[in-house]
Amino acid sequence: MKEKLLEIKEQAIGELESIQDISGLEKFRVTYLGKKGLITSMMKRLGELPPEDRPEIGKLANQIKTDLSGLFEDAHGRIEAKGTEEEFYLDITLPGREPARGHLHPISRVNREICNIFMKMGFRVVKGPNVELDYYNFEALNFPKDHPARDMQDTFYISKKVVLRTHTSNMQIRVMESQSPPVSVIAPGKVYRSDSADASHAPMFHQVEGFLVDKNVTFADLKGTLTSFVHQMFDRDTALRFRPSFFPFTEPSAEVDIQCVICRGEGCRTCSQTGWLEILGAGMIDPEVYRFVDYDPETISGFAFGMGVERIAMLKYGIDDLQLFFKNDMRFLRQF
Ligand code: DAH
């Protein structure tokens, strides 16, 4: 047994010298020093020896275990030091690592892009309250009480007279009541409707409202302004069409479609085979509205338009699910 022990010792020392990494070391520890290792199993067999030999062999086994443990610790130190050396080895010719930077949410981006286009055309940006009086959201926009047009929008009521604004058109009244013509303003912001969330609905979304009032403003000015906007937002070849529609605060009113950006007007799933996509509502401001803000419809006229930012972003980037904007999944957001 003595020879066997010495043999194990030799073998262990030889092996230890060639070990280069931590996993090799761990294997060594299990094989030799572990609970089921070679030394321990030899110690367990001491009982098989004649009693007078046991003290000597026992002592030898203990000694070998202590020696190997010491060598093991040394090797551990040696391998660890080497690892650190490698970690700190600096190659100054390597390109630097760029720190991770944040960026704008796609909705903020598209919102800014829309505002920039209109700012270049001379529109001023204004912001207003999300919690709004019924008066500004409906009444002064010519939605009479109990008028069925109020059902067009599912309203969150805070109280009888206070709502979460259902559109940014409230800003038409707020601006016009505090400023006389000429005015040209855009009003970006959040709007709220009691819709359940699906691929094309959300209880909160973003709109940009715009309007212009001056002497001699005509529907042709509205068409020119929106055509220029669409050409800058999408591209110069995107066709537009104005469809007659109804809004209480504009007369005449129109809904504006652009040629489908996916199929270029051929007809596809996104445009329900029509070749056209609705992107905004617009019209000439109804003389009724001017009554509420003390403008004289005999001497001035104006146009207004309103668009959904999410809708524009979906068309621009080919996104088919509105909810992606609200889920904050980094895999989605990083693409912008
Ligand atoms: N406020 C309307 C909506 O949310 C959109 C709209 C239509 C705004 C016509 C306008 C307009 O300024 O002239 O559905």
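**A ligand and its pocket**

Of the 16 residues that surround the ligand, His167, Ser169, Arg193, Gln207 and Glu209 come nearest. Keep in mind as you look around that this is a predicted model.

Let's start with the polar side chains. His167 has a side-chain N or O atom 3.0 Å from a nitrogen atom of the ligand. On the oxygen side, an N or O atom in the side chain of Arg193 is 2.8 Å from a ligand oxygen, and a polar side-chain atom of Glu209 lies 2.6 Å from an oxygen atom of the ligand. Taken alone, the ligand would expose 360 Å², and the protein buries 92% of that.

Now step back to the shell as a whole. It holds nine polar, five nonpolar and two charged residues. Strands E5 (204–214), E8 (276–285) and E9 (301–308) each supply at least two of the shell residues.

The ligand sits in the largest pocket, which holds about 1,200 Å³ of space. Its lining counts 44 residues, with Ser200, Phe205, Glu278, Gly308 and Arg311 nearest the centre. E5, E8 and E9 each give at least two residues to this lining too, as do strand E7 (250–259) and helix H10 (309–317). By class, the lining divides into 20 nonpolar, 14 polar and 10 charged residues.

There is one more pocket to visit. The second largest has a volume of about 270 Å³. It is lined by 15 residues, and Asn111, Lys127, Pro188, Gly189 and His206 are the closest to its centre. Helix H5 (106–120) and strand E4 (183–192) are the elements that each give two or more residues to this lining, and H5 gives the most, with six.

Definitions and conventions. Residues are numbered from 1 along each chain as its sequence is written. This is a predicted model: local features need pLDDT of at least 70, side-chain atom pairs count only at pLDDT 80 or more; totals for chains, interfaces and linings use all residues. Side-chain values use heavy atoms; hydrogens and water are left out. A residue is near a molecule or strand if one of its heavy atoms lies within 4 Å of it. A polar contact is a pair of N or O atoms within 3.5 Å; within protein, one must be able to donate a hydrogen and the other to accept it, and residues adjacent in sequence count only if both atoms are side-chain atoms. Accessible areas come from the Shrake-Rupley method with a 1.4 Å probe; for residues, only the protein chains shown count as cover. On a 1 Å grid over the protein atoms alone, a cavity is a set of points where a 1.4 Å probe fits but cannot get out, and a pocket is an open set with protein on both sides within 12 Å along at least five of seven lines; lining residues have an atom within 4 Å of a point. A molecule sits in a cavity or pocket if more than half of its atoms lie within 2 Å of its grid points. Helices (H or I, at least four residues) and strands (E, at least two) are DSSP runs, numbered from the N terminus. Ala, Val, Leu, Ile, Met, Phe, Trp, Tyr, Cys and Pro count as nonpolar, Asp, Glu, Lys and Arg as charged, and the others, Gly among them, as polar. Grid points are joined across faces, edges and corners, and a volume is the space filled by probe spheres set on the points.
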